[in-house]
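Here's a quick tour of one protein model, starting with some aromatic rings and working out to the helices. Keep the viewer open as you read.

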Amino acid sequence: MIAAATDDGLCLLEFADRHACPKEIDDLKKLLKAEIIEEEHVIIEQTHNQIDEYFQGTRKEFSIKLNTPGTEFQTKVWSVLMEIPYGKTRTYKDQAIILGNSASIRAVGKANGDNRIAIIIPCHRVIGINGDLIGYGGGLWRKHHLLEFEAKINNNFSLF
């Protein structure tokens, strides 16, 4: 995974093989009016530790300060994503209804896709209305793995 942070918070946590990663980095440079440099940062260290705990099955919630520049709508969508409990899923339609506009399913999907903070802002927990795994920039195989992993940790039966 690739992570980037400012003193205001984590602004990127992405799978290194995601094809959109270079664009996300360029977008962040513009949005934050900053250059990305390689160096140690306390937020990156916290992120590393908490992601390790997540994959060890000992962390279900994150306490990392986030810096997620985006439109007002994107910010609302990302906030609603963070309300999805660990090991649970919602549909894109559920998300649109929570946001107050059941017709905004496609816009919700687009905003989910624009999320630059994988796992912590859990867009992997959003599925199609018929239960299908759709729309995950990190790859549907990875979405499946993350949902199966969370279900196993929660001692649930396999979801898929």
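## A buried ring pair

Phe-15 and Tyr-136 are both buried. This is a predicted model, so take everything here as a reading of that prediction. The two rings sit with centres 6.4 Å apart and planes at 70°, so Phe-15 and Tyr-136 make an edge-to-face pair. Phe-15 belongs to the loop between E2 and H1, while Tyr-136 is in the loop between E4 and H6, so the contact ties together parts that are 121 residues apart in sequence.

Phe-15 has a charged visitor too: Arg-142 lies over the face of its ring, 4.0 Å from the centre.

## More rings

How many aromatic pairs are there? The count comes to 6. Another edge-to-face case is Tyr-54 with Phe-55, since their ring centres are 4.9 Å apart and the planes meet at 85°. Tyr-54 is buried, at 0% relative accessibility, whereas Phe-55 is partly exposed at 34%.

These two also belong to a cluster: ring pairs link Tyr-54 and Phe-55 with Phe-62, Tyr-86 and Phe-149.

## The nonpolar core

The largest nonpolar core has 26 residues, and the members touching the most others are Leu-10, Leu-81, Ile-119 and Ile-120. Elements giving two or more residues to this core are strand E2 (9-14) and helices H2 (42-56), H3 (72-81), H4 (92-98), H5 (105-113) and H6 (140-153).

Ile-119 is a good one to click on. Leaving out residues up to four places away in sequence, Ile-119 touches Met-1, Phe-15, Ile-51, Tyr-54, Phe-55, Phe-62, His-124 and Leu-146.

## Two helices with a buried face

Take H1 (residues 21-32) to begin with. Its 12 residues should span 16 Å at 1.5 Å a residue, and the end C-alpha atoms are indeed 16 Å apart. Cys-21, Glu-24 and Leu-28 are the buried residues of H1; seen down the axis they fall within an arc of 55°, so they line one face of the helix. That buried set packs against strand E1 (2-6) and E2, and on the other side of H1, Pro-22, Lys-23 and Lys-30 are exposed. Right after H1 comes Lys-33, with a positive phi near 50°.

Now H5: which of its residues are buried? They're Val-108, Ala-111 and Asn-112. Down the axis of H5, the buried residues fall within an arc of 105°, so these also line one face. They pack against H3, H4 and strand E4 (126-127), while Arg-106 and Lys-110 are exposed on the face of H5 turned away from the buried side.

Methods
Residues are numbered from 1 along each chain as its sequence is written. This is a predicted model: local features need pLDDT of at least 70, side-chain atom pairs count only at pLDDT 80 or more; totals for chains, interfaces and linings use all residues. Side-chain values use heavy atoms; hydrogens and water are left out. A nonpolar core is a set of buried Ala, Val, Leu, Ile, Met, Phe, Trp, Tyr and Cys residues joined through side-chain atoms within 4.5 Å. Buried means under 20% relative accessible area, exposed over 50%, partly exposed in between (1.4 Å probe, protein chains only). Helices (H or I, at least four residues) and strands (E, at least two) are DSSP runs, numbered from the N terminus. Contact means heavy atoms within 4.5 Å. The arc is that of the directions from the helix axis to the C-beta atoms. The expected span of a helix is 1.5 Å times one less than its number of residues. Rings of Phe, Tyr and Trp (its six-membered ring) pair if their centres lie within 6.5 Å; planes under 30 degrees apart count as stacked, over 60 as edge-to-face and the rest as tilted. A charge sits over a ring if NZ of Lys or CZ of Arg is within 6 Å of the ring centre and within 35 degrees of the ring normal.
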